[in-house]
Structure formats: C-alpha cells, structure tokens
Amino acid sequence: MKEIKLEIDGIEVSAREGQSVLNAALDAGIFIPNICSHPDLSPQGECKLCVVELRGETVLSCRTEAAEGMKVVTKSEHLAHLRNTAMELMLASHPHDCTSCRSYLNCELQSMMQYLESVHARLRSVPKKNIKWNTNNPIILREMERCIQCGRCVRACRELRDVGILEYRVLDGESYIGTAENKTLTEADCRFCGACVAVCPTGALQMDEETTYPVVPCRAACPAEVDIPRYVRLTKEGRYSEATTVIREKVPFPLALGHVCNHVCETECRRKELNEAVSIREIKLFAAQNDRAEIWKTNHKNKPATGRKVAIAGSGACGLTAAYYLSAKGHEVKVFERLPVAGGMMSTGIPEYRLPRDVVESEISALRENGVEIETSSSVESVEDLLGKPYDAVLLAVGASVGKKIPFPGADHPSVFAALDILRSVSLGETPPLGKSVTVLGGGNVAFDAARVCTRLGVEKVNLVCLEPEGAMLADDEEIQQGQEEGITIFNSKSTLSLEADGDALMGVKVIDVLEFSFGPGGKLNLTTKPGSEQIIPSDTVVFAVGQKTDLSEAMGVDLTPFGFAAVREGSCATSREGVFAAGDTVTGTRLLIEAMAAGRKAASEMDIFLGGDGNIEEILTSRDTPEGKIGINEGFAGLERNPVNFIDLDERLKGFTGIHCAYTADQAKSEAERCLQCDLRSCISKNKTWTDFIKQ
Amino acid sequence: MKTCEKDKTTFPPASDILEKKDDLCPVDWALKIADLASAESCGKCLMCREGSLQIRTILTDLVSGRGESDDLELIADLCSVINETASCDQIRDAVSLIELSLNSCREEWESHLRRKRCAALQCAAYVTIAVSPETCQGCGACVEVCPENALAGGEGLIHIIDSGKCTRCLACIDACSFEAIAKYGAVLPKVPAEPVPVGTFTVETGRRRRRRG
Ligand code: SF4
Ligand code: SF4
Ligand code: SF4
C-alpha cells in the first residue's frame, strides 16, 4: 500500500492511501477532537469537532483524505471557536445532570467537554420532545435524552452487524434515533448484540445492569472460563471439532461435562432476559460427541521434558485436570488412585445412567496418551512417601469421599448407609445390601442420585426426606422431576428425629414437620417444628445424603482445618508443607465438577511455577479467527425458543443403568446455537481513543 | 451538497427582504425560515439539527419580548459557524437568508430586541388590538368570534378589548364589517375605560360627549 506523507501542525506524518486526515493524525499521536467518528465506522461528519484548516479553508478532517504534501493545521483560535460552538449546540439539548448518568466518568461527551473546556452557557437550552420512544426494551436501556444524535449506533447496527434497524427519524419537526415505525427492539428483530451500546459515546445507550453483568456473562460465570460464545458459534457453523477444541483449551473433559455439568453459565446467560437461557451444556455435548477430526490431538503438544516429577493423590476431576496441564508443561506426572478405577466422582460417584462410564474412560485414556500415568488401587498414606522419593512436588486431590452420617438415635444400625458408599459400590459392580424400602435423608443432587440408583436396583419403595419445602430443594429441578417420575416419594419440610428399629430390623424413620429453619453461624441448624406432627416413614434401609468430608488425617503430613480439610495459604494451593499442594474438594468440600477442574488448573499453574516454569497453562489449540460480525436480521430472533433436553422414555430409564440423556440432533444444536446473542462480538469493537489516551502516550 | 435523499426545501425568496415591503417583519420572516429549516432537517448534521433549533428558539424569544442583549451578535455568529461547517446546502440557504435579513434590516431587529416594537405589526407580542371608539357601531359581531372572551360591549355600546385576555388571534378584525378594529404598535388610540353608548366618546377630549336634549 502506498505511503503518503503530509504535514500536520508542522509535524511530518505518514498515512495510508485512502486514510482520512483525522485517522492519520490520531495514528501519529496528534489528537483532533471528534465524537461522531469511530475507528470501526464510516465517517459521518456530523459533529464538526474534527474541523481543521487546509489551504486556508475549513474542512472536516474525518471526511478529507490524506494527500501527499498536504499541510494541515489542527489548532487555531478560529477552529477553537467553531468547535466550541459545535459543543454548545450539542449540549443545548443535553441534560446537565452528568453525575446521575450511568456513564458518568466513562463518557466521551464529558471527556470532550473537559478537553474543549465547554460550558452550558451562551446558548438557550432546548429540551427535546422525542425522547420517550422505544425506551422499554429488554437488555438494552435507551435514555434518549442523553443522545447527541452522533449516529454511531445507526452506523454500527448497519455496518458492523448488517442488521440496520436503527435510523434517524423525524417527528413533529424534531429528529431522533429510532426504529422503523417506532417498533420496539424486539419487534424490529434486534439481535441484542450490543454493538450500538459499545459505540455510543454518551450514556444514551446502556446494557441492562451493565455494572453487575460482565460483557460476556456466561464466560465470566464459568469457573474454568471456557469461551462459550466461541464454541457455540463454531457449533452453529458445523465446525464441531473446533468447537470441542475450544472447550479443551480450558478443560480436558468436554464429554463428561456435556453430560453432567451444572451449567452455572446458563444461570447468567443474557438470553434469559429475552426468554430462556441458551442451552449451553447441550450444545457442548453435541459438539463433543461429533468431534471426528479431534483437532486438539494434533495441536496439543507437551512442552519438552523438564525432568521434574509430580505425584498427584486422587484421580478425580481436579487431580486429572492438574495432571494434564502439568504434563503439558513438560513435567513427569504420576497419579495415585486408591480405587481400582480412575475418575473419582466421575466414575464412582455420579451414577452411570447420568454419566456413562465409557465416556469417562475415553476421556481418561486420552489423558494417558498424553503422558499422564495413573496407578489405580494405590493409595497415598503420607506425603513423606512421595516428597523427594523421587517427586519434586505433590498434589493432594483426594476429594471429599466420605459420606457424613448424622448421629440420630439408631443411626449406627447396620442397614444405615452413606449415599456415597452406595454409589461407589454400585459403580464398582457390587450389590449393596439394600432392603425392600429405602429412605434417603437429604435433598440435594447426591440424594437423588442415591434414590434413583436404589430404584434401578429394584428397591420397591424409595422415599426421600428433606428439610426444604417443595420448590426450595437443593437438587436441580430436572432431578426432582425425573426422580418423581421414577416413583420416588418426596417428604418435604421434615426433620428426622430418630431411626426406629424393632429388634434387629430397621422399621423406619421418625420425622416431624418443620415450620421454619435456618442455618446459624458455623452451620448450626435452627429449627421450629410442629408439635404432635411426628410420623414414622416405614423403611428397612436408610441412606444419608447430607454432605461429604475428606478422609485426611494427620498422618498425611500436612496441616488440616478444624473440619478436616487440607489447609492452604489464602488464595493459593500451597499447604503447610513446602512442595505439597492441595486443591478441589480436598480443600473446599464438595463443589461442582467444573469447579474441581478449575481448581486443578489453578493448582497446575501454581505448581508449575514452583517447579521453575512460568505458570502459564493457557493453550491455543485452534486458530483464533475473528468471528463474523455481520450477523444480519434473523426474523423473530427474540422469540426463538429453547430446545428441550432429550431424555429416553421412562420405562427405558427404569430398566437399568444405560445413559438416559441423549445429545441434541444436528438441527437442534444448530437452532439452539442460533439463539445465542454472541455477547462476545462486542469485545471485537474498538474503543474510540479520547484525548486522555494521548496524554498517556 | 445534501446529506439525505429528501428534496431540498424551498425557503421564502430573498426578494421578500430586498423589496422592503411595509407589511413584512424581517424578524418574523427569519423565524419562519428557522422553523422550516428545523422541521425539514433530517437530523444527520449537528449544525442543521441543533443550529436551526437554537436559532428558532432565540428568534422566538426575540419576537416575544424575551430577547437578551447579545442575541443579535449570537445569531450572526451562529449563522456564520453554520455556514462554514454545515454538511449540506439546505441549512446554508436558510442561514444565508437569516443573515441577509439581519444585515439589511438591522434597525428593525434592534427595535424588536430593545424597544419591543414591530413596525410591520406582525409580531403578536408587540401588537395591541384595539377598537376605534369612533368607528365602532356597537353591533357585537366581534364579541361572537373572540375565543378568549376578551371583548366587552353590548348592543349600541362602543366595544373595548381587554389586552390581558387578548391573544392577538385577529379573529375580531376579520369579523368587524366596519373596520373598527385594528392592530396598533407603539401609539394606541384613546378608548373608553368601559363600554359607553356609540357616539358619546370623542378622541379629542377623551371624554363622554354630553348628550343634547
Ligand atoms: S444513541 Fe448514542 S450512539 Fe446513538 S446517536 Fe445517540 S449518542 Fe450517538
Ligand atoms: S442489532 Fe445490535 S446494534 Fe442493532 S440495535 Fe440491536 S443490539 Fe443494537
Ligand atoms: S447469549 Fe450467548 S454469549 Fe450471551 S451469555 Fe448467553 S450463551 Fe453467553
């Protein structure tokens, strides 16, 4: 491209062919005031602030092409007068209450006022009438009294998005920015992409609850910060392998997560302001199941061997994630698993009908192929056995694998179990000694796992007793609904008093109605019960699903918290023992699968630094092409309904342990991905530089 | 050059001002141009959109007794900035006409601002409507048409107008078949304080004529 030399304020500046004088000056670090121009948009020449002198004439620098030998003057008394008058005109109809505006201190108009030292003074203030149009929309707040009609939003919607629903309109002799026929944004088929908000220099356009919502809410909510909109988009384009690779850049278990992730991302999805959240997890499962090319395998390369050795106790989600990233950093990693199978909760906690074992096995064997060595049936008793023999660092990721029991009278009966024990023994192919009727105590997902496993084992009557009233239970709605469909009887708002036995045989659970309950400091339960409402729920087996703890003891050789978890330094994974780290449920108690993986990543990074690395475990496994911003109109976009999750029929479900959750079809996945607002597109929009940026330079 | 696809607005011709017609108020004429310019603005250029609105607002003040001492300079300045920087010819045409009026009829503009007078009797705020006591025949036609109930009188009485109530809508002037009602500027006719019988009031004495015999 031809380079052009011109002179701006006596300084020689080079410009690209076709570049405007304004952009040439800005690129050269010479600030010319401007407010209707934006680096990503065509010039409009609306605001007149960018006036300059060229051969004694006043021209708009945004609409003047740089030419060889041009001599441009950007500062003079006359230009200052023109700019000030333009600012005064802009401010004449602008409210004066800057401090109550959401864009206060983050406003280009305000910044320009400071630069030009403008005041609301010489001119009459001219209040506008047409400011009430289209102010009642989801997601996008329009405070049009603050609009200066610079037209950036109009151009952004048309030029960046190819949507083009915003326009200059005139009503009763007064122009304003609106939509055709003054339709609401929803009716006008707005894509709610926020491009208009991103370019608006004033507080006129705002994203709903900007202060509490991050720009890409789903990604910010994901504990592992998976780039959700990117893989959703790739799935929509049919690029499933790349989509899966995007997930793999952050976590090594896309399939397992596709089946059972608790999708905190969906809780935050901006789409729910329109109707329902994007079904992110289902899109993930579909993409991961259809990753034929496995691009990640070609692109993932372990760093050259460092010669450092790491031992990891526990092969759950946290331990294996850490193992994967540590071996990627070139360390030699060995994982010790006390059970005969690797995978922790993924293979011996979460029931098989929710997370098929071949899925977990395939994902773990991929890790093995990448150099992670796993020794099963091998437990770590003390870090002493590992540290220096020959391991340079140790990670404790043994999880919280011991199910708690509450010492109610009768709780020591041999027919009383912890949910985890049942789940584990079934997973290992054993048959736990259950009777004909089981009562599960607890209302979380683990309680439902245990109850639904019992149903599948042929237990005739399965009850579930919990403190919470209907509608406030801790388990996911899906679990509750399916559990009930499968015949589980739920006793809500009940507190257990005792387990009743008749001779050797357990008879049932004595409960009382709960009127109110709350948890005080230290997790102490405060209960109000209804006198005289005692009843016995008959059952010959009782299963506790009331939380888990670790089985760590002092013998391990690190300090523990009073609750028995591994004690770590604030904000770190380091334990009391140099070279020994702990992460995941071992430290925090039971958390989500994705949180365990995020914890594994954090531990890997910290341990890499300890081992002499840079701690950077980020991987780029697919090309980072800029997403297509021109998303165009999609008729009825705001109304697109969420695709329901596919489950197999009830009688099929009850037959055994085959997976009950089926991935979307390709069409479902595409139409679901189509619903995404692509909140990340906003991050591709440049920020207009203001004069303060030039001072910083 | 034009910014939008609309046809260019046609403004009143410069000859209106150059011919210096007696019944044309140059300030009111300028206001009409500003009004039109603002109504026809597509909104895409600050100078046209806000400039015409601003000039319209100042001119409205100027013809209603709310002018401020620097207003003429302010309008001149706005016109020149708009002329220099506007994106399209429509608003340039408009401000050129306004400038023309200001420059060639400066005295009349000054008189609007400082003496609150409109020589052409076009600016309602500077005009008083009065009934000539000598011409009024007491027919009451004006009372019928006044939307503000500003006229007092009765059959055979000289009608009088309450200036406070009058909005200068001019309906009474049209309704009077004797041409007794007219607009007045600085000099007002002497009128009775209350309706008196037709023929009993002389302008010379300002008193009631004694009825003979
Ligand atoms: S809403 Fe914002 S971007 Fe759009 S015209 Fe108004 S100030 Fe400019
Ligand atoms: S499509 Fe995007 S740029 Fe256009 S109005 Fe909607 S949110 Fe704004
Ligand atoms: S709309 Fe898409 S990008 Fe935005 S929060 Fe939801 S899934 Fe994420």
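A cavity here is a set of grid points where a 1.4 Å probe fits but cannot get out. In this predicted model, a search of the whole structure turns up twelve cavities of 30 Å³ or more.

The largest of these cavities comes out at about 130 Å³. Its wall is made up of 14 residues, and those closest to the centre are C157(A), I165(A), L166(A), C190(A) and C196(A). As for secondary structure, β6 (140–142) and α5 of chain A each put at least two residues into the lining of the largest cavity. The character of that lining is easy to sum up: eleven residues are nonpolar, two are charged and one is polar.

Turning to the open spaces, the second largest pocket holds about 680 Å³. Some 30 residues line this pocket, with N106(A), C107(A), A198(A), C200(A) and K687(A) the closest to its centre. Four elements of chain A, namely α3 (108–116), α5 (195–199), β9 (205–207) and α23 (691–696), each provide at least two of the lining residues. Of the elements involved, α3(A) gives the largest share, with four residues. The lining of the second largest pocket is a mixed bag, with 13 polar, ten nonpolar and seven charged residues.

One element turns up in both places: α5 of chain A supplies at least two residues to the lining of the largest cavity and at least two to that of the second largest pocket. Within the α5 range of 195–199, C196(A) is among the residues closest to the centre of the cavity, while A198(A) is among those closest to the centre of the pocket.

Technical notes
Residues numbered from 1 in each chain as written. Chains lettered and ligands numbered in written order. Predicted model: local features only at pLDDT ≥ 70, side-chain atom pairs only at ≥ 80, totals over all residues. Heavy atoms only, no water. 1 Å grid on protein atoms, 1.4 Å probe; cavity = no way out; pocket = protein on both sides within 12 Å on 5 of 7 lines; lining within 4 Å. Points joined across faces, edges and corners; volume = space filled by probe spheres on them. Nonpolar A, V, L, I, M, F, W, Y, C, P; charged D, E, K, R; others polar.
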